[in-house]
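Visitor: I'd like a close look at one part of this protein, the helices and strands around its middle stretch. Please take me through how they pack, and pick out any backbone oddities along the way.

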Amino acid sequence: MDALLGDAESSKLPDGNEGRIWCRKDAAILLRSELRRCPSPPLPSPAHLGKVKLRRHLGEVERCHCFFHPRKEIELLQLASRFSSFRTVITDVGEMSQEALGNSLQDSSVVSPPIPPPPPLPLMAHVRPQKKKLYQTISESRSPVIGDVEEAKMLLKSRESSFSKELRWLLFNKYVPSLIQDGPQCGLVALWMAGPLLLPGGPVPMEKIVNIALKRGYTAQGEMFSAADMLKLAQEVFHCEAELVSGGMMGNNQRKILRHLVSGCPLLLPYDEDFNHEPCAKKGHKAHWAVVSGVLLGLKCGSLAGLYQEDPELSGLFYPPREAHWHCPPEDGVVEIYLLAKQGKSLKYQLWEYQRVHESNMQLTDLDPSRAADGTVYVLPQGGVKSGLCGHTVLLKPGTELTEKA
């Protein structure tokens, strides 16, 4: 063993380096001296020797790494308690062969049993993938119709009997993209869809809108039960101008809303959603958000050919000139009003009767009892759904600086 380890006359460490071994020879000397002095603790068998890691034990040793073989590893915790001659780290002791170290340890009369294998890892519970909603499944096989008037024409054709032939129909719309919501994110998705009309030059990532809403405390799950918070969120995300309209959608508010839509700007609308996504009256239990980007006006007047462009396929349907600034027609000539809207459970535009939308918007008073009892945390304004949504709409338009640059 002395021949193997070389000169072992002294087990002292180099001067000025107490507590640290710098070479293989010094490491072997220390190991041999400790093994001979304290042979009683059980030691690992040579077959299991590899990378020896001595960890802190009984406050005597902080840690010790002796690299003897790169493919095997054991822990000599019992041996660590016997190392009283140093307290810091033993590193960089070079490589020793497993055979050489095994020969040095055979002087010990006691060989420890093999270290037991670690306990098996607990079985992972099987997690079922979240089942998709029906509207998500349907949307996967479809694509939105792009364009300001294309989908509106399709709706008019499919519901031709609903629109009087005695009226002239004037359509104002600015296309907004579609996005299917993931969870209760209808309000945030509606804001995202309005984005291209507020901040041209590329869509704002949906993740950014969600993160800001969470950071500001406007939402917990993606829900938005406050039109006032929606206004502040829109201003921060899109640097746009926003106005909160309260008290419903009739009277002076109707004139304001129509002028806003005719000018090509969107609005965000809370309402109760029916099974077909159209407005209904459920006392706020089905509260939902939509973006309204256009309006269809039924006019009782003479020919509009001189002022507006008539559709070549649908007689009686007119559009404003593409390049001209849009102006709202006289109120006394407007007989019927429909809103062109999108929401986060369909890729399609829908045409909603204005009066029906107003009635749905005005009866948002209560949180769905099933939501209130499901244990999920939602952010509600003071006064609940009634104060946050009932009778409110949010009018949005590009910021002044963006408008001047354009």
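**A close look at the middle stretch**

Guide: Just after α10, G264 takes a positive phi of about 90 degrees. Keep in mind that this is a predicted model. Most residues other than glycine have a negative phi. Against that background, two other residues deserve a look. H239 has a phi near 50 degrees, and K283 has one near 60 degrees; each value is positive in a residue that isn't glycine. H239 sits in the loop between α9 (227–238) and β6. K283 is in the loop between β8 (279–280) and β9 (287–299). Which way do their accessibilities go, buried or exposed? H239 has 56% relative accessibility, so it counts as exposed. K283 has a relative accessible area of 53%, so it is exposed as well, with the cut-off being over 50%.

Back to α10 for a moment, which covers residues 252–262. Its buried residues are N253, I257, L258, H260, L261 and V262. An α-helix has 3.6 residues a turn, so residues three or four places apart point the same way. You can try that spacing on I257 and L261, which are among the buried ones.

Now for the helix packing, starting with α7 and α9. Helix α7 (residues 186–198) packs on α9 at an angle of about 45 degrees, and their axes are 11 Å apart. That angle makes α7 oblique to α9. The crossing is right-handed. On the α7 side, the contact uses G187, L188, L191, G195 and L198, and α9 answers with M230, L233, A234 and F238. Sorted by class, the residues of this contact are seven nonpolar, two polar and no charged.

Next, bring in α8 (residues 206–215), whose axis comes within 10 Å of that of α9, the two crossing at roughly 130 degrees. So α8 is oblique to α9, and this crossing is right-handed. From α8 come I209, I212 and A213, which meet L233, E236, V237 and F238 of α9. The class count for this contact is six nonpolar, no polar and one charged. L233 and F238 are worth marking in your viewer: they are on the α9 list for the contact with α7, and they are on the α9 list for the contact with α8 too.

That leaves the pair α7 and α8, which pack at an angle of about 130 degrees with axes 10 Å apart. The two helices are therefore oblique to each other, and the crossing is right-handed. The contact is built from L188, V189, L191 and W192 of α7, together with M206, I209, V210 and A213 of α8. Its residues come out as eight nonpolar, no polar and no charged. So each of these helices has a packing contact with the other two: α7 with α9, α8 with α9, and α7 with α8.

If you want one residue to stand on while looking around, try A213, which lies in helix α8. With 0% relative accessibility, it counts as buried. Leaving aside residues up to four places away in sequence, A213 touches L188, Y218, T219 and L233. L188 belongs to the α7 side of the contact with α8, while L233 belongs to the α9 side. A213 and E236 are 23 residues apart in sequence, and their C-alpha atoms are 9.9 Å apart in space.

From the helices, follow the chain past H239, in the loop between α9 and β6. Strand β6 (residues 241–245) runs antiparallel to β14, and five bridges join the two. Within that pairing, L244 has V394 as its bridge partner. Strand β7 (residues 267–273) is antiparallel to β14 as well, joined to it by two bridges. There, L268 stands opposite V394. V394 thus has L244 as a partner in one pairing and L268 in the other. How enclosed is β14 itself? Four of the five residues in this strand (residues 393–397) are buried, so the rest of the structure largely encloses it.

To step back, the protein has 14 helices and 14 strands. Its 406 residues include 46% that count as buried. Of the contacts with a separation of 6 or more, 71% are between residues 24 or more positions apart.

Definitions and conventions
Residues are numbered from 1 along each chain as its sequence is written. This is a predicted model: local features need pLDDT of at least 70, side-chain atom pairs count only at pLDDT 80 or more; totals for chains, interfaces and linings use all residues. Side-chain values use heavy atoms; hydrogens and water are left out. Buried means under 20% relative accessible area, exposed over 50%, partly exposed in between (1.4 Å probe, protein chains only). Two strands pair if DSSP finds at least two bridges between them. Axes are lines fitted to C-alpha atoms, for helices over the stretch in contact, and angles run from 0 to 180 degrees between N-to-C directions. Angles under 35 degrees count as roughly parallel, over 145 as roughly antiparallel, 65 to 115 as roughly perpendicular and the rest as oblique. A crossing is left-handed if the near helix is turned anticlockwise from the far one by less than a right angle, and right-handed if clockwise. Contact means heavy atoms within 4.5 Å. Ala, Val, Leu, Ile, Met, Phe, Trp, Tyr, Cys and Pro count as nonpolar, Asp, Glu, Lys and Arg as charged, and the others, Gly among them, as polar.
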